[in-house]
Amino acid sequence: MGLPVKQQATYWGATIVVLMLLLWILGDVILPFVVGGAIAYCLDPIADRLERLGCSRVIAVTIITLVAGLVFLLLILLVIPMLISETAGLIEQAPSYLDSLQKSLAERFPQLMDDSSTIRQQLTSLAEMIQSRGGDLINGVFSSALGLINILVLVIVVPVVAFYLLLDWDNMIAKIDEMLPRDHANTVRLLASEIDNTLASFIRGQGTVCLVLGTYYAIALMLAGLNFGIVVGFIAGLISFIPYIGALVGGVLAIGLALFQYWGAVESASGGTSTDWFAIGVVAVIFAVGQFLEGNILTPKLVGNSIGLHPVWLIFALSVFGSLFGFVGMLVAVPLAAIIGVVTRFGFGQYRNSRLYRGVSETD
């Protein structure tokens, strides 16, 4: 005979509260373990496939580790320094872009650009703020994301944690299954399977979509000659997990930079200058093609038609967990959002099958 519902709710509620308190108290300390666990979860299907091809678990994990280490080394040597350099250059150039915007507004709306104009004052203060605080912003981003526990710990501990978790992943799942309450084991397994499907569709599928789109935008914008195209492509790809937001933000940023870069860039025969609308149009087409690829090819093939995570729910979860638990909270926001979503749908299903919803009929 199972425990009364009220007592079960007390135990489960206390467990959730304890886990949240541990996440809030430990926070930065568990960052390498959270990252390592996420990496192991994402790579486990590859290890399983290598096992089906005849490799032992140790050999499969070793192959994955060597390939991942090579990719990480290439990123450190090639991509990341270029990305940091372009970001710093964009911050340095921001004041000149804002000066160009002032001049354009002054030509078209001279009454708005006198010394006492609010627009002029705001643009001037914005330019000064970007230039003075740009370096601090970069340092703050990297110190909050990588400096929570020093870089050495992240570089060493995360691969070690990911390696051992990936090596023992199946055994850990079996041990956890043995510890499930017997009265609810089947229900928990059903919910865990649905959560796994949701996370697999989102993290693995959408992560691949973000990587493909970010690479496409960065290379295409760089070939199109857009200044800071790699930074724009990185930003667009990074936030592409929220449908339409990545293309919208990246497109606005890229077209804005293109307007500054190509406005008056073509010298006419009369000695004047004109705008290179063709180059601006190429940048717009790049994002239009990226949006088409995302909506019609990448997302349907890699993610699926339904993952159960609404974009608004994702934004809300990232905001709440990020504000409560910092950077670690943002890392666990998507898994927790998936878990809450699955449990909520299960609760609604139970409610629709209950007497509270259906009422009491003669057949009952």
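Which residues form a nonpolar patch on the surface?

## The nonpolar patch

Welcome to this structure, a predicted model. The residues in question are L70, F72, L73, L74, I76, L77, L78, V155, I156, V160 and Y164, and together they have about 1,000 Å² of accessible area.

Two helices, α3 (57-108) and α5 (151-167), each supply at least two residues of this patch. Helix α3 gives the most, with 7 residues.

## A look at V160

One member of the patch is V160, and you can find this residue in helix α5. Is V160 buried, partly exposed or exposed? Its relative accessibility is 38%, so V160 counts as partly exposed, because that class lies between the buried limit of under 20% and the exposed limit of over 50%.

## The overall fold

Stepping back to the whole protein, you will meet 12 helices and 2 strands. If you follow the elements from the N terminus on, they run α-α-α-α-α-α-α-α-α-β-β-α-α-α.

How do the parts of the chain meet? Taking the contacts with a separation of 6 or more, 69% are accounted for by residues 24 or more positions apart.

## Inside and outside

The protein has 364 residues, and 29% of them count as buried. As for the outside, the protein exposes about 22,400 Å². Carbon and sulfur atoms supply 70% of that exposed area.

Notes: Residues are numbered from 1 along each chain as its sequence is written. This is a predicted model: local features need pLDDT of at least 70, side-chain atom pairs count only at pLDDT 80 or more; totals for chains, interfaces and linings use all residues. Side-chain values use heavy atoms; hydrogens and water are left out. Patches are made of residues with over 30% relative accessible area and no salt bridge: like charges are joined within 9 Å, nonpolar side chains (Val, Leu, Ile, Met, Phe, Trp, Tyr) within 5 Å. Accessible areas come from the Shrake-Rupley method with a 1.4 Å probe; for residues, only the protein chains shown count as cover. A salt bridge is a side-chain nitrogen of Lys or Arg within 4 Å of a carboxyl oxygen of Asp or Glu. Helices (H or I, at least four residues) and strands (E, at least two) are DSSP runs, numbered from the N terminus. Buried means under 20% relative accessible area, exposed over 50%, partly exposed in between (1.4 Å probe, protein chains only). Contact means heavy atoms within 4.5 Å.
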